[in-house]
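Trainee: I should like to go through the terms applied to this model and ask what justifies each of them.
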Amino acid sequence: MTKERKQALWGLVLVTPSFLLLLVVVVIPIVQSFIESLRNEAGGYDLSRYEWLFTDKGMRNNIWFTLKITVISCALVLLIGYALALYLRFSPGKLAGWIRRTYMIPMFIPGVIATYGLMNLLGNHGWLSRLLLPFGVTLPRIIFDEKGLIIANLWFNIPFTTMLLSSAIAGIPGSVIESARDVGAGKLGIFFRIILPLSYKTFLVALTFVFMGVIGSFTAPFLIGQNSPQMLGVAMEQVFGVFQEREQAAAIAVFTFLLCSVLGFFYIRSMAKEEAARM
Amino acid sequence: MSIQLSIKDLSKRYRTGEGVSDINLDVAKGELVTLLGPSGCGKTTVLRSIGGFLEPDSGDIQIEGRSVVKLPPEKRPTTMVFQSYNLWPHMSVYENLAFGLKIRKKSKAEIREAVAGALRLVRLPGAEKKLPGQLSGGQQQRVALARSLLLQPAVLLLDEPFSALDAKLRHEMREELREIQAQTGLTMVFVTHDQEEALALSDRIVVMNNGRVEQIGEPQRIYDDPASLYVARFIGKMNFLDGTAQGEFIRVGRGEFPNPKGLAGPVIAAVRPEDVRIGAADDRALSGRIKQSMVLGHYAEVSIETETGGTVRSFLPKDAVRELDIGQNVGISFAKTIAYPHTNESTGG
């Protein structure tokens, strides 16, 4: 056996375990779900389960609601994440030091506990509303409302996003920003023309993570979401567990997966473009 | 000639204790002034204060008669060429150059023309579409120079712009900068630790040491008449000899040299190697013994051990060393000496 063949074989051996894992945990379930989602009530195969997704009023509302919460959450998380990352990078103050030491804490608190914490804090009889009551301030409904869901998404996603963006922004040399100021660029100009393009790749990674995390979220929507409309994750669980309609749940799962793939496509395309530019 | 840049009593101290104190400097319109000194002497602090990247503790900086000391860099009529080029890696050469002009709301046609003109000036015509990563170090620095030039700053600041380039390229860029300055008539403040660069480029040199100005003057003046022992050591090659000043003369061994400054007591006599003359041994002259001679191309460097125990180096025409033998006793005279009072830190050199 030649050296090259040996090396190729060895590479194949090394890659096999992760490939098998991916196959068993991801690929086969997706294929199975897809096949299952095509089975109609009569036992045949058609697209009726998907038709229901878009014709049933409740389900259509769920899809729109999920997309709305996801888009708003992504926008807010990235906005706040960038703001924090920029503040941490350019502010030498004590406050920045404290933020740097504490902003990752939410990542170490389990989702269920954090969600119950939010209920206790922001619920109708939560302690924030009790604190504000003496001042005559009544809080609007936050828990069991989309506001609560968005707040929970911020809690879960800001730390990781900030961490990603911080490391990207830390990688931009101060001298590059100095030269932009030197030719007359203000803060906004520097952000949009220098910082954003130079951290664009990480921005896309962060967006992908937040988008997938929110669109597929279950714990918070299940515990503090309203009854209707619901996030797709909760709707899927209901169709699967309460209504016992495995095929319909599979169709929701495949649809959610397709929504995520859209972002995945953009991410892969931008990576491929960069690779091509480097060649 | 009108004053373009005026620095008054500028002071800036860092927490480490380093910094600059009481810097005063006027730069005329169209002048190229170099801040020269070793690293840590404060030259970059002065430059960055002019550019607005550092806020001085006290003092004022005026450009075209207007105080700019409170303005941020983006509002100052200065541009800077940085040591590490600082081009924006995601932008093409054209975009790098156009960025500042776009901020100034210039029309597309104006920008295109200005970019092409600036690239011609730095001898990089047609490089518009390239990315900085596709250019060599020298080309990147040319682009950085063009980026600063086309904004037509009131004062162009250059922070050791050629120090990352190899010696040959550095030499070329130096000449090009001089040409560009002649063509554009821009006022420039140039920071370097390379005395040769400073001597070659500058209209005037500001020699700095420990955060203070040691001497300001034209290159030839600084070379011929260093104001302090520090400047004498820093600029060019120099021999230092211990001597004693008495009345009109400074005695070094058996030799006597004029004492124009009227110093008294122990002094250090400084003599440029090209001012050392070698003759026949003489009872009334400083004597020495030839230790070594090296022909270095068009001239020769001769080392002579003096009767006082020191070593004097002399630059001679290469033919003159043929008449000298190693170990030969000679008389040494100096065409010109400069003397400095002897202080504790002034021995050696």
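Trainee: In this predicted model, what makes the five strands E13-E12-E11-E14-E20 of chain B an open sheet, and which strands stand at its edges?
Mentor: The five strands follow one another in the order E13-E12-E11-E14-E20, with antiparallel pairing. Strand E13 (255–258) and strand E20 (338–341) of chain B are the edge strands, since each pairs on one side only. From one strand to the next, the twist averages 40°.

Trainee: How do you know that strand E11 and strand E12 of chain B pair?
Mentor: Pairing requires at least two bridges between two strands. Strand E11 (residues 239–246) and strand E12 (residues 249–252) of chain B are joined over three bridges in the antiparallel sense. Three bridges satisfy the cut-off, and therefore the two strands count as paired. As one example, Gln246(B) has Phe249(B) in E12(B) as its bridge partner.

Trainee: Why are strand E15 and strand E18 of chain B placed at the edges of their sheet?
Mentor: That open sheet has five strands in the order E15-E19-E16-E17-E18 (chain B), and its pairing is antiparallel. Strand E15 (276–280) and strand E18 (311–317) each have a single partner strand, so one side of each lacks a neighbour in the sheet. The twist here averages 45° from one strand to the next.

Trainee: What makes strand E16 and strand E17 of chain B a pair?
Mentor: Strand E16 (residues 286–296) and strand E17 (residues 299–306) of chain B share eight bridges in the antiparallel sense. The requirement is at least two, so they qualify as a pair. In E17(B), Glu305(B) is the bridge partner of Arg289(B).

Trainee: How is chain B divided into domains, and how far apart do the domain centres lie?
Mentor: Domain 1 covers 3–230 and domain 2 covers 238–346 of chain B. Their C-alpha centres lie 40 Å apart. Four residues from domain 1 and four residues from domain 2 take part in the contact. On the domain 1 side, these are two nonpolar, one polar and one charged by class. Separately, an unreviewed UniProt entry places the feature "domain: ABC transporter" at residues 5–235 of chain B.

Trainee: Why is Ala85(A) called buried?
Mentor: The cut-off is 20 or more other C-beta atoms within 10 Å. Ala85(A) has 25 such neighbours and is therefore buried. Ala85(A) belongs to helix H3 (residues 57–90) of chain A. Beyond residues up to four places away in sequence, Ala85(A) touches Thr162(A), Leu165(A), Ser166(A) and Ile169(A).

How values were computed
Residues numbered from 1 in each chain as written. Chains lettered and ligands numbered in written order. Predicted model: local features only at pLDDT ≥ 70, side-chain atom pairs only at ≥ 80, totals over all residues. Helix = DSSP H or I, 4+ residues; strand = E, 2+ residues; numbered from the N terminus. Buried ≥ 20, exposed ≤ 12 C-beta atoms within 10 Å, placed from the backbone. Contact = placed C-beta atoms within 7 Å. Axes fitted to C-alpha atoms, helices over the stretch in contact; angles between N-to-C directions. UniProt positions renumbered as here; feature names shortened; annotations may be inferred. Domains from an automatic or database assignment. Nonpolar A, V, L, I, M, F, W, Y, C, P; charged D, E, K, R; others polar.
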